[in-house]
Amino acid sequence: MKLIVDSGSTKADWIAIDDNGKVLFTTQTLGLNPEILDGPEIITRLNDRFDILQNKKNATHLFFYGAGCGTDRMKEYLKQVFQEYFSNAIVDVQEDTYAAVYATTPKGEEAIVSILGTGSNCSYFDGKVLHQKVQSLGYIVMDDCSGNVFGKELIRKYYFNKMPKELAVELEKEYDVDPDFIKNKLYKEPNPNAYLATYAKFLIKHKDTDFCRKIIFKGMKSFVKNYIKQFDNCKEVPVHFVGSIAFYLKDELQETFDKYELKLGNVLRRPIDGLIAYHVANQ
């Protein structure tokens, strides 16, 4: 039994397949980002799912693609945690961008591949190897155009009284904006970036308002200038996206790309289905 996992900071999608690619079960855990979680918390999240707990000794392979796995140190750390848990499995840990590449880019083709979800990143795939020019420093100082950055922007606008009154009233109906509640979420509970990203739903829901459009296009302009334009051939190859922010703001992405004369490629909400085909073809 092979386990294929696509993990962001908010959630992780799991699919178990046999050697022929037949799906044995699917499940979902909370995100397993090693940059913000310790080993015991990761194990707790695995044990919370019956299918994973009951099949941990049956797994022969674990292919894990995750946020926070961009450095060798984090990959090795998470690999050790998984190796102890899935004791009979061969464990392979890669950063989440590889999942996006395998799901969106035809074999052997060049592309710029980006993730816009709870966090964000951008890489160039030359058909064989992934190249990055921007090393992520995490959600506090980077992650342009991501759900958590949009969340921070909305909260700041609300508390600085820069949000239109009618939208502020709507925000109060949908979210607990009490300062103590927000500070507890940000500084006392795990996954503050995932909490911030929940506000992106509000931004998308009201994306046709001038207020939200300004925030959205400011974020997209920043992502293009700081990430995509790092690559000299950015106007020559397609730019593929994976993630809920990209998926639900595809029209706005297209508008931004038209302005910068970029080629918008495939836009997927989740790469997990494409990963099945990839691993069956390359087993």
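This section describes helix α5, the aromatic pairs, and the pockets and cavities of the structure. The model is a predicted one.

Helix α5 comprises the 13 residues 147-159, for which a rise of 1.5 Å a residue gives an expected span of 18 Å, and the C-alpha atoms at its two ends lie 18 Å apart, so the expected and computed values agree. The buried residues of this helix are G147, N148, F150, G151, E153, L154, I155 and Y158. Among the elements that cover these buried residues of α5 are α6 (165-174), α7 (179-187) and α8 (192-197), together with α9 (200-205), α10 (210-226) and α11 (244-248). Helix α5 is followed by N161, a residue whose phi is positive, near 60°.

Helix α5 also takes part in the second largest pocket, where it is one of the elements, with α7 and α8, that give two or more residues to the lining. About 350 Å³ of space lies in this pocket, and of the 14 residues that line it, those closest to its centre are I155, I182, L186, Y187 and L196. The element that gives the most to the lining of the second largest pocket is α7, with 5 residues. I155 thus appears both among the buried residues of α5 and among the lining residues closest to the centre of the second largest pocket.

Aromatic pairs number 17 in the structure. One of them is formed by Y124 and F231, whose ring centres are 6.1 Å apart and whose planes make an angle of 40°, an arrangement classed as tilted. Because Y124 belongs to strand β7 (residues 120-125) whereas F231 belongs to the loop between α10 and β9 (238-242), this pair ties together parts that are 107 residues apart in sequence. Both partners fall under the 20% limit of relative accessible area that defines a buried residue, since Y124 has a value of 13% and F231 a value of 5%. Elsewhere, ring pairs link W14, F64, F82, Y85 and F86 into a cluster. Within this cluster, Y85 also has K56 lying over its face, at 4.5 Å from the ring centre.

With respect to enclosed space, the structure holds 1 cavity of 30 Å³ or more, and about 60 Å³ of space lies in the largest cavity. The lining of the largest cavity consists of S120, N121, C122, Q132, V134, Q135, S136, M142, D143 and Y227.

Methods: Residues numbered from 1 in each chain as written. Predicted model: local features only at pLDDT ≥ 70, side-chain atom pairs only at ≥ 80, totals over all residues. Heavy atoms only, no water. Helix = DSSP H or I, 4+ residues; strand = E, 2+ residues; numbered from the N terminus. Expected span 1.5 Å × (residues − 1). Buried < 20%, exposed > 50% of the residue type's maximum accessible area, 1.4 Å probe, protein only. Contact = heavy atoms within 4.5 Å. Phe/Tyr/Trp six-rings, centres within 6.5 Å; stacked < 30°, edge-to-face > 60°. Lys NZ or Arg CZ within 6 Å of the ring centre and 35° of its normal. 1 Å grid on protein atoms, 1.4 Å probe; cavity = no way out; pocket = protein on both sides within 12 Å on 5 of 7 lines; lining within 4 Å. Points joined across faces, edges and corners; volume = space filled by probe spheres on them.
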